[in-house]
Amino acid sequence: MIREMKPEDRATYLQMAHAFYNSEAVLHAVPEAVFVKSFEEMMKEGPYIRGYIIEDQGRPAGYMILSFTFSAEVGGLVVLVEEIYLDEGCRGKGLGSQALEFARQSFPQAARLRLEVTEENQAAVRLYLRRGYKPLEYKQMVIDLTGAE
């Protein structure tokens, strides 16, 4: 089951976000204050970000964060799978595929679903390829303006 995060999921999310940002899925760790700020934004139910808890047999198994933008390149809504994390013991059960399908089905008006993956995270790369995702050969560049570098 996949459900929207609720205020009572705060501790669970913070624990899992910490694990996610200390894994091969990301390039670097971020301060815990960033997790707190993200959770607070998800609880506002605004137009930019939504958080979901992925459950396995009634227990939290992971989480997914989606954010939203308009793309002139595809002429429509882009749903960005910002983060998708599954506890190690819950991987290989199809939950990642279910989460990606949930994102697709929940936003049928989207012109594109997009995500990022590190080269080191080959299990995720294989999952995304199986689900029909293709590499987008842009080199991304960023400048962090919030001090969360």
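**Entry 1: strand 1 and strand 2.** I looked up the bridge partner of Arg-3 and found Ile-53, in strand 2. I worked on a predicted model throughout. I then counted the bridges between strand 1 and strand 2: there are three, and the two strands run antiparallel.

**Entry 2: strand 2 and strand 3.** I next followed strand 2, which spans residues 49–56, to strand 3, which spans residues 59–71. Eight bridges join these two strands, and their course is antiparallel. As a point of register, I noted Gly-51 opposite Ile-65 of strand 3. I also inspected the connection. Strand 2 and strand 3 make a hairpin, with two residues between them. In this turn Gln-57 has a positive phi, which I recorded as about 55°.

**Entry 3: strand 3 and strand 4.** I asked how many bridges join strand 3 to strand 4. The count is 10, and strand 4, residues 76–86, runs antiparallel to strand 3. For the register here I took Gly-62, which stands opposite Leu-86 in strand 4. These two strands also form a hairpin, with four residues between them. The residue I marked in this turn is Gly-75, whose phi is positive at about 65°.

**Entry 4: Ser-71.** I stopped at Ser-71, which belongs to strand 3. Is this Ser-71 buried or exposed? I found Ser-71 buried, at a relative accessible area of 12%; the cut-off for buried is under 20%. I then looked for a polar partner of the Ser-71 side chain and found the backbone nitrogen of Glu-73, at 3.1 Å. Setting aside neighbours within four places in sequence, I listed the contacts of Ser-71 as Gly-76 and Val-78.

**Entry 5: the whole sheet.** I assembled the pairings and read the strand order as 1-2-3-4-5, five strands in an open sheet with mixed pairing. I identified the edge strands as strand 1 (2–4) and strand 5 (112–115), each of which pairs on one side only. I also noted the twist: neighbouring strands of the sheet are turned against each other by 30° on average, with direction ignored.

**Entry 6: the helix across the sheet.** Finally I asked which strands helix 3 lies across. Helix 3, residues 95–106, lies across strand 1, strand 2, strand 3, strand 4 and strand 5. I recorded its direction relative to strand 4 as about 160°.

Notes. Residues numbered from 1 in each chain as written. Predicted model: local features only at pLDDT ≥ 70, side-chain atom pairs only at ≥ 80, totals over all residues. Heavy atoms only, no water. Pairing = 2+ DSSP bridges. Buried < 20%, exposed > 50% of the residue type's maximum accessible area, 1.4 Å probe, protein only. Polar contact = N/O pair within 3.5 Å; in protein donor to acceptor, adjacent residues only side chain to side chain. Contact = heavy atoms within 4.5 Å. Axes fitted to C-alpha atoms, helices over the stretch in contact; angles between N-to-C directions.
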